[in-house]
Amino acid sequence: MAEVYDYIDFHNQTRSTFDKLRRIDTRDYPEVAVREALLNSLVHREYSFRASTLISIYNDRIEFTSIGGLVSGVTLNDVLMGISVCRNTKLANVFYRLELIEAYGTGMRKIMNAYEGSGKTPQIETSDNAFKIILPNLNAQTEKKQLSDESDSQAEKVMQLARKQGRVTRKEVEKLLSIGQTTSGRLLKKMMKNGQLIQEGKGKTTCYRLFQ
């Protein structure tokens, strides 16, 4: 189990943002949520089946899928309320004595509490034979926003140069922003689509001016 946690932890990156002079470091996934989801997939799975527990890491989420649905008579709402009927009592007792778990029924609450105030919520999916916990990446939207902010900043610089010179060429954009041909072409195409620039000429005579 330690090796699996270490592998997940290796992929649990830390992203930094700034609030004025204050640096804020946020990991993609709360460590307590990862720990509890992993423990849940081991303690509550159905071991009479040979199928493996699946842990899938995506850019925007981690999915923990274990064999064995909910214990008969227990609903998903019961689980979210902290009610737990343990399928593997002896295994749970071993984990308890090893101080890996504190008490039955606290894991889901810890996972949900770890995301409190983040604007994101872990998802639970169940079927007759499987139980899945989905942990959302806390930094996924932040990365998209940072990329969007960078693109907006680049577009503003291009518009300032176009305003100053009356027009700009792709080569000038590459030099201004220290970017390559592909990136500059993508930026100029986006700016034309957004109604910020209009293209004039063709081939080597192609240039761009502000849309007015």
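Biologist: How do strand 7 and strand 8 pair, and over how many bridges?
Modeller: They pair in the antiparallel sense, over 4 bridges. Two strands count as paired if DSSP finds at least two bridges between them. Helices (H or I, at least four residues) and strands (E, at least two) are DSSP runs, numbered from the N terminus.

Biologist: Good to know. Before I go on, what kind of model is this, and how are residues numbered?
Modeller: This is a predicted model, where local features need pLDDT of at least 70 and side-chain atom pairs count only at pLDDT 80 or more, while totals for chains, interfaces and linings use all residues. Residues are numbered from 1 along each chain as its sequence is written, and side-chain values use heavy atoms, with hydrogens and water left out.

Biologist: Back to the pair, then. Which residue is the bridge partner of leucine 197?
Modeller: That is leucine 210, in strand 8. Strand 7 and strand 8 make a hairpin with 6 residues between them. Look at glycine 201 in the turn too: its phi is positive, about 80 degrees.

Biologist: Where else can I find a positive phi?
Modeller: Glycine 195, just after helix 8, has one of about 75 degrees. Serine 178 has a positive phi as well, near 55 degrees, and it is a residue other than glycine. Serine 178 sits in the loop between helix 7 and helix 8.

Biologist: Is serine 178 buried or exposed?
Modeller: Exposed, because its relative accessible area is 66%. Buried means under 20% relative accessible area, exposed over 50%, and partly exposed is in between (1.4 Å probe, protein chains only).

Biologist: OK, helix 8 next. Which of its residues are buried?
Modeller: Ser184, Leu187, Leu188 and Met191. They share one side of helix 8, because they cover an arc of only 95 degrees around the axis. That arc is taken from the directions from the helix axis to the C-beta atoms. On the other side, Thr182, Arg186, Lys189 and Lys193 are exposed.

Biologist: Why do residues three or four places apart point the same way in a helix?
Modeller: An α-helix has 3.6 residues a turn, so residues with that spacing point the same way.

Biologist: Now the sheet. In what order do the 4 strands come?
Modeller: The order is 3-4-6-5, in an open sheet with antiparallel pairing. Strand 3 and strand 5 stand at the edges with a single partner strand each, so one side of each has no neighbour in the sheet. On average, neighbouring strands are turned by 15 degrees against each other, direction ignored. For angles, axes are lines fitted to C-alpha atoms, for helices over the stretch in contact, and values run from 0 to 180 degrees between N-to-C directions.

Biologist: How many bridges join strand 4 to strand 6?
Modeller: 7 bridges, with the two strands running antiparallel. Threonine 65 has lysine 132 in strand 6 as its bridge partner. Strand 5 pairs with strand 6 too, over 4 bridges, and those two form a hairpin with 3 residues between them. There, isoleucine 124 stands opposite isoleucine 133.

Biologist: Which strands does helix 5 lie across?
Modeller: Strand 5 and strand 6, and helix 5 runs at about 25 degrees to strand 6.

Biologist: And helix 2? What do its buried residues pack against?
Modeller: Helix 1, strand 3, strand 4, helix 4, helix 5 and strand 6. Contact here means heavy atoms within 4.5 Å. Alanine 33 is in helix 2 and counts as buried because its relative accessibility is 0%. Leaving out residues up to four places away in sequence, alanine 33 touches Ile111, Ala114, Tyr115 and Leu135.

Biologist: Last one: where is asparagine 139?
Modeller: In the loop between strand 6 and helix 6. Asparagine 139 is buried, because its relative accessible area is 3%. Neighbours within four places in sequence aside, asparagine 139 is in contact with Gln13, Arg15, Thr26, Arg27, Asp28 and Lys120.
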